[in-house]
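The following note sets out points on the structure for a colleague at the bench. Each numbered point takes up one region or one feature.

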Amino acid sequence: MSTEAAATNFQSSDFQPVAQPPDFRPEVTVSPHDGLRFWQFMIAGSIAGCVEHMAMFPVDTVKTHMQALGSCPIKSVGVHHALRSILKSEGVPGLYRGIGAMGLGAGPAHAVYFSVYEVCKKYFSGGDPNNSAAHAVSGVFATVASDAVFTPMDMVKQRLQLGNSATYRGVLDCVRRVLKEEGFGAFYASYRTTSASDERVIVHATAGALAGASAAVVTTPLDVVKTQLQCQGVCGCDRFKSSSISDVIKTIVKKDGYKGLMRGWIPRMFFHAPAAAICWSTYEAAKTFFQELNASRESGSVT
């Protein structure tokens, strides 16, 4: 059979052309910000911050006592001695003095922190969720913003941790007396040290609790300076003519040597290693809750 005959038979009317389906290109909708609304990030961050700081508050109290100089009840740098002294003088409640101020500060501050972090991460990542540089830069912006909210209540918290019922009757009494005796600027005397001593930036860059603990040790000197600035005049702690970091460092070194700059490094390290895990796991759990809530609402609206 010739080729032409085969072609003719193949083109017989018995064979009809089959219409080809159009290219199937499903539209993939990528939901920004993990599918969450801005207020949901704020609530998730607020919950994470409160859980983190409340769980680790006794450790933070020990650290604050160790870092405070002057005629405060605790002068030893030993964790065991500091803890024993607190328990002896005030009992277990002494470990939780100032927790109310922490609750008032940690919730709003972490709401600001995580919402700013998520917004900046989206902006700087360029669509790459694994962009570590974007995570680090976002952490810097988030830290500066959240510290502006947290620093005043952190100052109140530390003063309550050091004092007793005779020093301040509570959060409101401390706020009123600081405003009256020292002015509004006292609430932000340590603001310049907080962002610089915050280990969360390194946690974002490396995503590791071990890195956070290591960073906590390295930044301890600035944390000691922060405590000194926030606790001026409480329990006989020194008062400073200015909030200059260098002046505070000189005073600490003159009074306690260079080892004074490392006061509280052990509880600070033990605070930040589990705190990072607690905070981020709680944050992700809260995000998951909101994601499932949003998904159920969307499916319900479709049906």
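1. Helices and strands are taken here as DSSP runs, helices being H or I runs of at least four residues and strands E runs of at least two, numbered from the N terminus. In these terms the protein chain reads α-α-α-α-α-α-α-α-α-α-α-α-α along the sequence. The count is 13 helices and zero strands. The model is a predicted one.

2. On burial and contacts across the whole chain: 43% of the 303 residues of the protein chain count as buried. Where contacts join residues at least 6 apart in sequence, 76% of them link residues at least 24 apart.

3. The largest nonpolar core comprises 17 residues, and Val156, Leu160 and Val171 have the most contacts inside it. Helix H6 (132-162) and helix H7 (171-181) are the elements that contribute two or more residues to this core. The largest share, five residues, is supplied by H6. Because domain 1 (75-188) and domain 2 (219-287) both give residues to this core, it lies between them.

4. Which residues does Val171 touch, leaving aside its neighbours within four places in sequence? Val171 is in contact with Gly100, Ala101, Leu104, Met153, Val156 and Leu160. Val171 is also one of the buried residues of H7, together with Asp173, Cys174, Val175 and Val178. The cover over the buried residues of H7 includes helix H5 (99-125) and H6. Just after H7, Gly183 adopts a positive phi of about 90 degrees.

5. A further core should be noted. Besides the largest nonpolar core, which has 17 residues, there is another core of 12 residues lying apart from it, including Leu36, Phe41, Ala48 and Phe290.

6. Helix H2 (residues 38-55) has 18 residues and spans 26 Å from its first C-alpha to its last, close to the 26 Å expected at 1.5 Å a residue. Its buried residues are Gln40, Phe41, Ala44, Gly45, Ala48, Gly49, Glu52 and His53.

7. Within helix H2, Ala48 merits its own point. Ala48 counts as buried because its relative accessibility is 0%, and the cut-off for burial is under 20%. Leaving aside neighbours within four places in sequence, the contacts of Ala48 are with Phe114, Cys279, Thr282 and Tyr283. Ala48 and Ala106 stand 58 residues apart in sequence, yet their C-alpha atoms are 9.0 Å apart in space.

8. How are helix H3 (residues 57-67) and helix H4 (residues 79-90) packed? Their axes are 10 Å apart and the packing angle is about 105 degrees. H3 and H4 are therefore roughly perpendicular to each other, since angles of 65 to 115 degrees fall in that class. On the H3 side, Thr61, Val62, His65 and Met66 meet Val79, Ala82, Leu83 and Ile86 in H4.

9. H6 and H11 form another packed pair, with an angle of about 75 degrees and axes 9 Å apart. H6 and H11 are therefore roughly perpendicular to each other as well. Thr151, Asp154, Met155, Gln158 and Arg159 of H6 make this contact with Lys226, Thr227 and Gln230 of H11.

10. Helix H11 (residues 220-230) is mostly covered, with nine of its 11 residues buried. The buried residues of H11 are Thr220, Asp223, Val224, Val225, Lys226, Thr227, Gln228, Leu229 and Gln230. Lys226, Thr227 and Gln230 thus appear both in this list and in the contact with H6.

11. Thr220 belongs to helix H11. With a relative accessible area of 0%, Thr220 is buried. Leaving aside neighbours within four places in sequence, Thr220 is in contact with Gln67, Leu261, Met262, Arg263, Trp265 and Arg268. The C-alpha atoms of Thr220 and Arg268 are separated by 7.6 Å, although these residues are 48 apart along the chain.

12. Is Met262, one of the contacts of Thr220, buried or partly exposed? Met262 counts as partly exposed because its relative accessibility is 30%. Its position is in the loop between helix H12 (245-256) and helix H13 (265-302). Leaving aside neighbours within four places in sequence, Met262 touches Val217, Thr220 and Pro221. Met262 and Asp223 are 39 residues apart along the chain, and 9.0 Å separates their C-alpha atoms.

Conventions. Residues are numbered from 1 along each chain as its sequence is written. This is a predicted model: local features need pLDDT of at least 70, side-chain atom pairs count only at pLDDT 80 or more; totals for chains, interfaces and linings use all residues. Side-chain values use heavy atoms; hydrogens and water are left out. Buried means under 20% relative accessible area, exposed over 50%, partly exposed in between (1.4 Å probe, protein chains only). A nonpolar core is a set of buried Ala, Val, Leu, Ile, Met, Phe, Trp, Tyr and Cys residues joined through side-chain atoms within 4.5 Å. Domain bounds come from an automatic or database domain assignment. Contact means heavy atoms within 4.5 Å. The expected span of a helix is 1.5 Å times one less than its number of residues. Axes are lines fitted to C-alpha atoms, for helices over the stretch in contact, and angles run from 0 to 180 degrees between N-to-C directions. Angles under 35 degrees count as roughly parallel, over 145 as roughly antiparallel, 65 to 115 as roughly perpendicular and the rest as oblique.
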